[in-house]
Amino acid sequence: MAFVLGLRERKKLATREALGFAALRLAVERGLDEVLVEDIAAAAGVSPRTFNNYFASKYEAVCSVAVDRARRIADNLRERPDTEALWPAVIHATLDEFRDAEIPDPAWTAGVRLITGAPALQGEYRKAQAVMEAALAEAIAGRTGHDLGADMFPRIMAGAVAAALQVAIDRWVDADPPIPVLPVVREALRQLSFLPGVFPMDVPTQHTLSVPGASLYYEIRGGGPLLLLITGGNGDAAVFDALAERLADRYTVVAYDRRGFARSPLAGPPEDRIVNDGADAAALLAHLGDKPAYVFGSSSGAIVALELLSRYPDSVRTVVAHEPPMATLLPDSATWLEFFDGIYRTSRTEGPMVAMGAFAEGMGLRRPDQQHQEPPPESAPMIARIQQNLAFWMENELRQYVRYPPDLPALRKSADKLVLGIGHDSKGTFPALPNLALAEELGQEVVEFVGNHIGYVTNADEFATQLDQLLT
């Protein structure tokens with residue numbers, strides 16, 4: 001059972017944090033030498049006597065912000081699931097404390113830079129660093145079962161994390177122009193991958209991004225040029241796990257849940273979904289980097305990728321659209337649109353599972369040798385989310401996305417950035433037909449990928465190799 005602070009302890013902790021942030025803010029605004037204990041106490045709404053109950057000096061108060069953050073990281077680590085491997089748990093626990101995605105005020109980073117270099121603070125910083133490492137080492141020892149007094153590992157690991165954070169903060173405050181802190185901290189932790197086995201490149205870190213009307217869940221793996229993966233109708237980033245793991249040694253791979261699906265909740269009703277999906281993808285790219293990115297979209301995600309390319313061409317370097325289900329491009333579009341409308345009606349009258357069986361059969365997605373395969377146990381959480389997502393997809397995407405009219409003039413302008421892909425095993429079935437029609441409209445050739453509509457799952461090794469060759 002988790003330990004829960006009582007009311008008195010929570011109030012004391014809140015007072016300590018208020019004093020620490022007041023001390024740091026005043027030191028930034030006025031300069032460290034111009035700040036008195038009385039000023040800090042007044043800014044925090046307490047008496048100087050109360051200040052002295054928490055800190056021995058203003059220097060200790062300024063440094064307490066870093067100490068308290070380290071203690072929260074240690075608490076985060078203790079609360080991570082027991083089944084999670086140690087280094088992923090440490091990474092997530094650390095990054096939970098660095099969620100700020102905003103570019104800081106230059107005056108603030110300049111002030112912090114002056115404080116971190118102040119001679120009067122150096123002794124206090126060394127003490128603070130020791131407290132930080134001790135808190136992390138204790139949490140690591142508790143998680144791993146090591147004896148903190150006899151075993152070196154917890155302290156060595158804590159020291160490595162603390163050093164990475166210190167380097168990241170130094171880099172952050174020195175950045176000109178200022179930059180968000182989260183990517184710098186994440187990169188510093190990733191640099192630990194140069195120590196064998198420390199930070200596996202294929203381990204995802206989990207984040208959220210607030211966008212108008214929704215909160216987007218996304219995962220980052222690896223390092224290198226940015227590659228955004230946009231999932232199809234189930235809306236779940238985990239379908240790309242196998243592909244992302246195989247590309248993480250060459251790319252910074254980002255996969256996300258599209259708005260409205262399990263981990264990316266909406267703030268209101270689902271409106272203008274394709275337009276908003278495209279804007280969400282553009283917002284993620286702008287948030288994660290300042291250079292054009294590679295984008296791979298599959299199924300409905302390929303439609304989103306085409307919308308992104310049409311509306312935000314400067315944000316992308318290459319878009320690979322794999323089997324977008326745009327029925328309106330086909331000569332027998334009316335037949336296909338009626339098919340999708342019929343699947344929706346079946347879901348309402350006979351339930352979504354019956355509807356999905358008819359959907360897979362009609363789309364040519366079901367192969368006899370795959371019908372009775374049992375999913376591996378580790379995929380259970382993803383399957384549960386996909387089942388939860390199914391109702392949202394049936395209601396808001398099944399009929400709507402197949403009616404998407406691509407902006408052909410915009411796509412012609414950016415045709416040099418566009419690759420249209422189909423699966424080798426999809427030929428002759430609906431998933432491949434819209435891209436064949438779009439390729440004819442744009443005067444392009446289609447690229448055959450290994451496998452079928454989800455070849456990136458069933459043939460991940462070969463698919464990753466093909467995608468990498470296309471992008472590079």
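## Worked exercises: helix crossings, rings and odd phi values

In this predicted model, the axes of α7 and α8 cross at roughly 130° and come within 8 Å of each other. Keep that pair in mind for the opening exercise.

**Exercise 1. Classify the packing of α7 on α8, and work out which residues make the contact.**

Step 1: start with the general recipe. Two packed helices are described by the angle between their axes and the distance between the axes.

Step 2: sort the angle. Roughly antiparallel needs over 145 degrees and roughly perpendicular covers 65 to 115. The α7/α8 angle is roughly 130°, so the two helices are oblique to each other.

Step 3: add the hand. The crossing of α7 and α8 is right-handed.

Step 4: list who touches whom. From α7 come Gln129, Glu133, Leu136, Ala137, Ile140, Ala141 and Thr144. The α8 side of the contact includes Phe153, Arg155, Met157, Val161 and Gln166.

**Exercise 2. Do the same for α4 and α5, then find out how α5 is covered.**

Step 1: helix α4 spans residues 58-79 and helix α5 spans residues 86-95; their axes cross at roughly 135° and come within 8 Å. That makes α4 oblique to α5.

Step 2: the hand of this crossing is right-handed.

Step 3: look at the interface. On α4 you'll find Ile73, Asn76 and Leu77, and they meet Ala89, Val90, Ala93 and Thr94 of α5.

Step 4: now go through α5 for burial. The count is 10 of its 10 residues buried, including Trp87, Pro88 and His92.

Step 5: ask what does the covering. Besides α4, the buried residues of α5 pack against α7 (119-144), α8 (153-174), α9 (181-191) and β1 (205-211). So the helices of Exercise 1 turn up again here as neighbours of α5.

**Exercise 3. Compare the geometry and the placement of two aromatic pairs, Phe296 with Phe463 and Trp336 with Phe340.**

Step 1: a pair of aromatic rings is described by the distance of the centres and the angle of the planes. A search of the whole structure gives 16 aromatic pairs.

Step 2: take Phe296 and Phe463. Their centres are 5.6 Å apart with 80° between the planes, which is edge-to-face. Phe296 belongs to strand β5 (residues 293-298) and Phe463 to helix α19 (residues 460-471), so this pair links distant parts of the chain, 167 residues apart. Both Phe296 and Phe463 are buried.

Step 3: take Trp336 and Phe340. Here the centres are 6.4 Å apart and the planes make 35°, a tilted pair. The two residues are four apart in helix α13 (residues 333-350), so about one helical turn separates them.

Step 4: check burial for this second pair. Trp336 has 15% relative accessibility and therefore counts as buried; Phe340 is buried as well, at 1%.

Step 5: widen the view. Trp336 and Phe340 belong to one aromatic cluster along with Phe339, Phe359, Trp393 and Phe430.

**Exercise 4. Which charged residues sit over the rings of Phe98 and Tyr344?**

Step 1: at Phe98, go to the face of the ring. Arg69 lies over it, 4.2 Å from the ring centre.

Step 2: at Tyr344, the charged end of Arg399 sits over the ring, 3.7 Å from its centre.

**Exercise 5. Asp272 and Glu323 have positive phi values; is each one buried or exposed?**

Step 1: recall the background. Most residues other than glycine have a negative phi.

Step 2: place Asp272. Its phi is near 45°, and the residue is in the loop between β4 (252-256) and α11 (273-288). With 58% relative accessibility, Asp272 counts as exposed.

Step 3: place Glu323. Its phi is near 55°, and the residue is in the loop between β6 (316-322) and α13. With a relative accessible area of 0%, Glu323 is buried.

Step 4: look at a glycine too. Gly443, just after α17, has a positive phi of about 70°.

**Exercise 6. Where do the buried residues of α17 pack?**

Step 1: pick them out. In helix α17 (residues 433-442), the buried residues are Pro434, Asn435, Ala437, Leu438, Ala439 and Leu442.

Step 2: follow their contacts. They pack against α12 (300-311), β6, α16 (408-413), β7 (418-423) and β8 (446-449).

Step 3: set this in the whole protein, which has 19 helices and eight strands. Buried residues make up 50% of its 472 residues.

How values were computed. Residues numbered from 1 in each chain as written. Predicted model: local features only at pLDDT ≥ 70, side-chain atom pairs only at ≥ 80, totals over all residues. Heavy atoms only, no water. Phe/Tyr/Trp six-rings, centres within 6.5 Å; stacked < 30°, edge-to-face > 60°. Buried < 20%, exposed > 50% of the residue type's maximum accessible area, 1.4 Å probe, protein only. Lys NZ or Arg CZ within 6 Å of the ring centre and 35° of its normal. Axes fitted to C-alpha atoms, helices over the stretch in contact; angles between N-to-C directions. Parallel < 35°, antiparallel > 145°, perpendicular 65-115°, else oblique. Left-handed = near helix turned anticlockwise from the far one by under 90°. Contact = heavy atoms within 4.5 Å.
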